[in-house]
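Student: I should like a close look at a single part of this model, namely the surroundings of the ligand. Please describe them in one connected account, and then place them beside the nonpolar cores.

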Amino acid sequence: MVIDGPMFIDGEWVKAEQTFEVINPATGVVIGSVADGNQTHATQAVEAAHKAFASWSRTTAHSRSAILYRAWQLMLDNKSELAALMTREQGKPLKAAANEVQYAADFLLWFAEEAKRTYGETIPSARPDQRFIVQHQPVGVVAAITPWNYPISMLTRKLAPALAAGCTVVVKPAESTPLCAIEVFKLLQEAGVPAGVINLITASDPAPIGKVFCEHPAVRKLTFTGSTAVGKKLSQDAAVGLKRVSMELGGHAPFIVYKDADPVHAAKGASLVKFLNTGQACICPNRIFVHKNILTEFVETLTSRIKKMRVGNGAEEGVAIGPLVDEKAIVKIENQVNDAQDKGADILCGGERLTGDTFADGFFFSPTVLTGVDDSMLIYREETFGPVAPVIPFDDNDDIIAMANDTHYGLAAYVYTKDLSTALRSVEQLNFGIIGVNDINPTSAAAPFGGMNESGLGREGAREGLLEYMETKLAGFSI
Ligand code: NAD
């Protein structure tokens with residue numbers, strides 16, 4: 001069945017003259033036909049959000065919280081349906097899709113709670129007649145652009161805090177995963193979000209929509225998750241109107257296994273986080289640095305675990321690795337693997353596109369371990385966004401922190417050690433926004449997520465995630 005997907009503008013489900021197709025990346029089968037929005041639709045959506053801001057921003061935090069609680073409950077009630085749709089549209093295995101829906105719901109719950117805690121402060125003045133009061137107020141209309149790799153949680157990580165703060169929102173989801181966004185909007189509508197407060201523009205060409213978001217004077221904040229190249233371009237365009245921006249961009253995570261670490265435990269962690277979402281997560285390790293003393297045991301464990309991972313359609317029982325998003329992703333990975341091999345790296349498993357039989361019409365790449373990777377290779381510098389684990393040996397003479405920091409990215413990093421001083425020193429010296437110490441999942445709705453350097457600006461989730469959508473207003477009273 002092909003799903004017919006409209007946009008959502010000013011409380012109405014709206015069709016467009018043109019549509020575009022959505023395919024299942026595991027099978028190549030068309031699963032949806034979605035409204036192809038244009039600049040007129042985007043402008044209508046921004047203006048609807050602008051109109052709705054006047055009343056929504058004056059609702060009480062308690063009433064906004066109640067709507068978010070309802071949305072949270074509805075998302076949990078619909079977890080298996082949402083997960084099944086995500087697997088068809090994005091490709092990740094059903095269990096991983098269900099975990100993502102849970103993570104997405106966590107943001108609705110967290111910000112339902114935080115909505116009521118946007119405390120201000122009073123500040124003593126040097127003047128006896130003066131009193132200062134600081135309040136937080138919503139910034140206004142928010143434009144949000146989200147990626148395909150986490151098609152539901154990246155939506156709620158922006159929508160929940162924006163709504164909690166009292167902002168109104170226009171969302172443009174990625175062109176390969178609009179169906180998940182449509183379902184989330186249906187739930188939010190059912191939860192009682194008023195007309196105009198949330199708007200959804202689906203489009204096959206993101207650039208014209210992004211232009212409206214950056215240029216329309218009513219948009220006061222742009223929040224974006226995606227590649228660093230697009231994030232930089234949007235930040236530049238938004239700067240003309242001095243709009244606030246939050247940027248969650250690419251990563252190139254180092255994964256450091258010190259010589260005192262347990263190589264088996266570390267390899268288990270590496271196999272799980274590197275191959276998360278078929279390697280298509282911004283926090284996936286991209287450079288696995290392993291001390292020479294424990295290299296053999298680490299690599300043997302990693303390779304044997306990876307060889308056991310079943311690749312296939314995420315809807316099938318037992319599949320651990322789904323398809324990649326598209327042909328371009330396969331070409332990028334092939335390029336990195338061939339370049340590494342030409343320059344002397346060894347392929348211990350995988351290393352090629354999977355074709356024929358059940359793989360024929362999808363975008364599958366076999367999970368790969370590369371050893372002997374060095375800084376002359378593309379994979380040492382470029383984000384891979386695929387199922388390739390490059391292992392780089394180091395020894396006591398190497399400045400491992402400098403090697404890990406040798407990137408313009410700064411999102412996630414991982415450290416494996418049993419030594420407390422090594423762990424603390426690494427946390428302090430690594431130029432990354434999120435650091436897992438013997439931990440492959442340092443994320444939660446309650447914890448600030450975001451990158452340093454060219455991995456982004458601002459934080460999502462946690463207390464910080466709400467303040468991203470609020471102005472600080474000072475009032476000085478003479479009494
Ligand atoms: P992308 O930048 O190509 O696309 C992301 C979004 O931007 C999509 O909605 C797309 O339609 C839109 N877009 C693309 N060009 C645009 C333009 N000119 N104007 C307006 N919108 C435009 O990135 P992608 O390939 O979809 O996503 C993968 C990237 O996202 C990776 O680099 C990954 O690391 C990053 N990512 C970061 C985080 C994080 O939280 N830091 C989370 C997930 C993904």
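Tutor: In this predicted model, the side chain of Trp148 places an N or O atom 2.6 Å from an oxygen atom of the ligand. Thr146 also makes a polar contact, but through its backbone: a polar backbone atom of Thr146 is 2.7 Å from a ligand oxygen. With Lys172 the side chain is again involved, an N or O atom of that side chain being 2.9 Å from an oxygen atom of the ligand. The ligand taken alone exposes 840 Å², of which the protein buries 87%.

The shell around the ligand can also be described by secondary structure. Helix H5 (153-165), helix H7 (206-215), strand S11 (219-225) and helix H8 (228-240) are the elements that each contribute two or more residues to this shell. Among these contributions, that of H7 is the greatest, at three residues. In total, 28 residues surround the ligand, and those that come nearest are Thr146, Trp148, Glu175, Ser227 and Glu383.

As for the nonpolar cores, the largest comprises 96 residues, and Met75, Ile152, Ile198, Val257, Phe298 and Leu302 have the most contacts inside it. At least three of its residues come from each of domain 1 (3-249 + 453-478) and domain 2 (253-437). A second core, separate from this one, has 33 residues, including Ile330, Val388, Ile400 and Phe432. Returning to Met75, its contacts beyond four places in sequence include Leu82, Val101, Leu108, Ile152, Thr156 and Leu187.

How values were computed
Residues numbered from 1 in each chain as written. Predicted model: local features only at pLDDT ≥ 70, side-chain atom pairs only at ≥ 80, totals over all residues. Heavy atoms only, no water. Core = buried A, V, L, I, M, F, W, Y, C linked by side-chain atoms within 4.5 Å. Buried < 20%, exposed > 50% of the residue type's maximum accessible area, 1.4 Å probe, protein only. Domains from an automatic or database assignment. Contact = heavy atoms within 4.5 Å. Near = heavy atom within 4 Å. Polar contact = N/O pair within 3.5 Å; in protein donor to acceptor, adjacent residues only side chain to side chain. Areas by Shrake-Rupley, 256 points an atom, 1.4 Å probe, with all protein chains shown as cover. Helix = DSSP H or I, 4+ residues; strand = E, 2+ residues; numbered from the N terminus.
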